[in-house]
Amino acid sequence: MKSLAMHFALDPILTLDKKLVRQKNGKLLTDVQGELKIMLEESCFFHEPSLALLELGVSLKTWRTRDPGAAQRFEYFTMEHDEREGPILAFIKKGEDEWQLFSIWQEFEHKDTVSLNVLLGAVDQYLSELEELLMNRFRIRYSDFAKV
């Protein structure tokens, strides 16, 4: 069984417009930028130094809320990229308890699968850590922007 981890770091010099924060303005979805690394075992599957972390968090939270048992695939498209090229990140169901990762920016082709528990554990950890950081630093939650 493969291990999966989603590591992120907000841009250390990131500042947000206080008015946009008070309004919970949708512009913040792409303003909250940082580095994202997705590790499969010891290998870096995905690395992007400047990704819209809040937008990804909202997309993941919406998927987890609408489909808590993860019966459907997950696809993340950003407002900042042409969707016709494919998803920035996708989780594709391959069997009852088998999921494969895909990204148009992936470092290598992921042919193996991860279990549903491993996948959801990594997603839930990302969501929890992101919300904690956003609350501590900016007093916002990704759930303020989710349309569930």
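These are my notebook entries on what I looked up in this structure, which is a predicted model.

**Entry 1: aromatic pairs**

I began with the aromatic rings, and the count comes to seven aromatic pairs. The one I looked up in detail joins Trp-63 and Phe-91, whose ring centres lie 5.7 Å apart with 55 degrees between the planes, and the pair is tilted. The angle falls short of edge-to-face because that label is kept for planes over 60 degrees apart. Trp-63 belongs to helix α3, residues 53-66, and Phe-91 to strand β5, residues 89-95, so this pair ties together parts that are 28 residues apart in sequence.

Are these two residues buried or exposed? I noted Trp-63 as buried, at a relative accessible area of 8%, and Phe-91 as buried too, at 0%.

Next I followed Trp-63 to another partner, Trp-99: the ring centres are 6.2 Å apart and the planes stand at 75 degrees, so I wrote this pair down as edge-to-face. This pair also links distant parts of the chain, since Trp-63 sits in α3 while Trp-99 sits in strand β6, residues 98-102, with the two positions 36 residues apart in sequence. Trp-99 is buried, with a relative accessible area of 0%. I then found that Trp-63, Phe-91 and Trp-99 belong together with Phe-74 in one aromatic cluster.

**Entry 2: the helix that carries Trp-63**

I turned to α3 itself, which has 14 residues and spans 20 Å from its first C-alpha to its last, close to the 20 Å expected at 1.5 Å a residue. How many of the residues of α3 are buried? Ten of the 14 are, so the helix is largely enclosed by the rest of the structure. Among the buried ones I listed Leu-54, Leu-56, Val-58, Leu-60 and Trp-63, but also Glu-55, Thr-62 and Arg-64.

**Entry 3: the sheet beside α3**

I looked up what α3 packs on, and found that the helix lies across β4, β5 and β6, running at about 160 degrees to β4. These strands make an open sheet of three, in the order β4-β5-β6 and with antiparallel pairing. The edge strands are β4, residues 74-76, and β6, each of which pairs on one side only. From one strand to the next the twist averages 20 degrees.

Between β4 and β5 I noted three bridges, with the strands running antiparallel. Phe-74 stands opposite Phe-91 of β5, and both of these residues are members of the aromatic cluster in my first entry.

**Entry 4: the nonpolar core**

Which residues touch the most other members of the largest nonpolar core? Of its 48 residues, I found these to be Leu-54, Leu-56, Phe-91 and Tyr-126. The largest share of this core, eleven residues, is contributed by helix α4, residues 116-138.

I took Leu-56 as an example and, leaving aside its neighbours within four places in sequence, recorded contacts with Met-6, Leu-36, Leu-51, Phe-74, Tyr-76, Leu-89 and Tyr-126.

I also checked Ser-128, which has its place in α4 and is partly exposed, with a relative accessible area of 45%. The C-alpha atom of Ser-128 is separated by 18 Å from that of Tyr-76, which is 52 residues away along the chain.

**Entry 5: strands β1, β2 and β3**

I moved on to strand β2, residues 33-40, where six of the eight residues are buried, so this strand is largely enclosed by the rest of the structure. Seven bridges join β2 to strand β1, residues 4-10, and the two run antiparallel; here I saw Leu-10 opposite Gly-34 of β2. With strand β3, residues 43-52, β2 also pairs in the antiparallel sense over seven bridges, and Ile-38 stands opposite Phe-46 of β3. The hairpin of β2 and β3 has two residues between the strands, and in it Glu-41 takes a positive phi near 55 degrees.

**Entry 6: a loop residue**

Last, I looked up Leu-16, which has its place in the loop between β1 and α1. At 12% relative accessibility, Leu-16 counts as buried. Not counting residues up to four places away in sequence, Leu-16 touches Val-21, Leu-28, Asp-31, Val-32, Phe-138 and Ile-140. I noted for reference that Leu-16 and Leu-116, which are 100 residues apart in sequence, are 35 Å apart in space, C-alpha to C-alpha.

Terms used. Residues are numbered from 1 along each chain as its sequence is written. This is a predicted model: local features need pLDDT of at least 70, side-chain atom pairs count only at pLDDT 80 or more; totals for chains, interfaces and linings use all residues. Side-chain values use heavy atoms; hydrogens and water are left out. Rings of Phe, Tyr and Trp (its six-membered ring) pair if their centres lie within 6.5 Å; planes under 30 degrees apart count as stacked, over 60 as edge-to-face and the rest as tilted. Helices (H or I, at least four residues) and strands (E, at least two) are DSSP runs, numbered from the N terminus. Buried means under 20% relative accessible area, exposed over 50%, partly exposed in between (1.4 Å probe, protein chains only). The expected span of a helix is 1.5 Å times one less than its number of residues. A nonpolar core is a set of buried Ala, Val, Leu, Ile, Met, Phe, Trp, Tyr and Cys residues joined through side-chain atoms within 4.5 Å. Contact means heavy atoms within 4.5 Å. Two strands pair if DSSP finds at least two bridges between them. Axes are lines fitted to C-alpha atoms, for helices over the stretch in contact, and angles run from 0 to 180 degrees between N-to-C directions.
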